[in-house]
Amino acid sequence: MARDYAPRSAPRRPPVRKKSGGGVPGWIWGLLGLSVGLAVAAMVYIKRPPEPMPNRRESPAPSATVKPSVTPDKPAPRAFTFYELLPNQEVVVPDGAVPESQAPAAPAQYLIQVASYRNPQDADRQKASLALLGLEARVETVTIDGRETYYRVRLGPVTGLDAAQQMVSQLDQNGIESLVVKVR
């Protein structure tokens, strides 16, 4: 008969588990890592080279032997685009902006902007409150830069600056701020 020459071991016991209370908690490690990161960032910020002052030019000391050269100043060509954009924009007219001597011959048309909202329900609510005052308002939808949509609550158009200012004073009496816009 065959014999097993392997040594016999003691009966197997389950491995002993460590208690979890003996190590360092994870939040301490997180706090330690955060503080080390902040310390490194602070050292980098402190040790960086100073930046020169922008547009700082040192002028040489004037000498008696060197004559400054005279060159005619040529105006730089205008690269502004507001000359093209300005006629298409609205003009806000502040209170009492038009003196009597410069009043236009033909009465102009004005709009009174009461509010501008991003939510159409808020604009309709404002329009309804103006209807309770006896004023007929409309809501205009305006998209700016193809991304943001605004809903403007406006009254008018009204002919003449006096009529527009009377409407603004009526709105002010009811606690509503407004803006007069000249129609082009």
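Which residues does Leu155 touch, not counting residues up to four places away in sequence? Keep that in mind as you open this predicted model, and let's walk through it together.

**Stop one: Leu155.** Select Leu155, which you will find in strand E4. Now show its contacts: Leu111, Ile112, Val114, Leu130, Leu135, Glu136, Ala137, Met167 and Leu171, leaving aside residues up to four places away in sequence. Leu155 counts as buried because its relative accessibility is 1%, where buried means under 20%. For one of these contacts, try a distance: Leu130 lies 25 residues from Leu155 in sequence, and their C-alpha atoms are 9.2 Å apart.

**Stop two: the strands beside E4.** Next, colour E4 (residues 148-159) and E2 (residues 109-117); these two run antiparallel and are joined by seven bridges. Look for Ser116, with Arg152 of E4 standing opposite. Then add E3 (residues 137-144), another antiparallel partner of E4, this time joined by eight bridges. Here Ile144 faces Glu148 in E4.

**Stop three: the turn.** Zoom in where E3 leads into E4: the two form a hairpin, with three residues between them. Pick out Asp145 in that turn and check its phi, which is positive at about 55°.

**Stop four: helix H1.** Finally, move to H1 (residues 26-47) and select Leu38. Is Leu38 buried or exposed? Leu38 counts as exposed, because its relative accessibility of 55% is over 50%. To see its surroundings, select Val24, Trp27, Ile28, Trp29, Leu31, Leu32, Leu34, Val36, Val40 and Val44 as well; with Leu38 they form a nonpolar patch on the surface, and together they have about 1,100 Å² of accessible area.

Technical notes. Residues numbered from 1 in each chain as written. Predicted model: local features only at pLDDT ≥ 70, side-chain atom pairs only at ≥ 80, totals over all residues. Heavy atoms only, no water. Pairing = 2+ DSSP bridges. Helix = DSSP H or I, 4+ residues; strand = E, 2+ residues; numbered from the N terminus. Patch = residues over 30% accessible without salt bridge, like charges linked within 9 Å, V, L, I, M, F, W, Y side chains within 5 Å. Areas by Shrake-Rupley, 256 points an atom, 1.4 Å probe, with all protein chains shown as cover. Salt bridge = Lys/Arg side-chain N within 4 Å of Asp/Glu carboxyl O. Buried < 20%, exposed > 50% of the residue type's maximum accessible area, 1.4 Å probe, protein only. Contact = heavy atoms within 4.5 Å.
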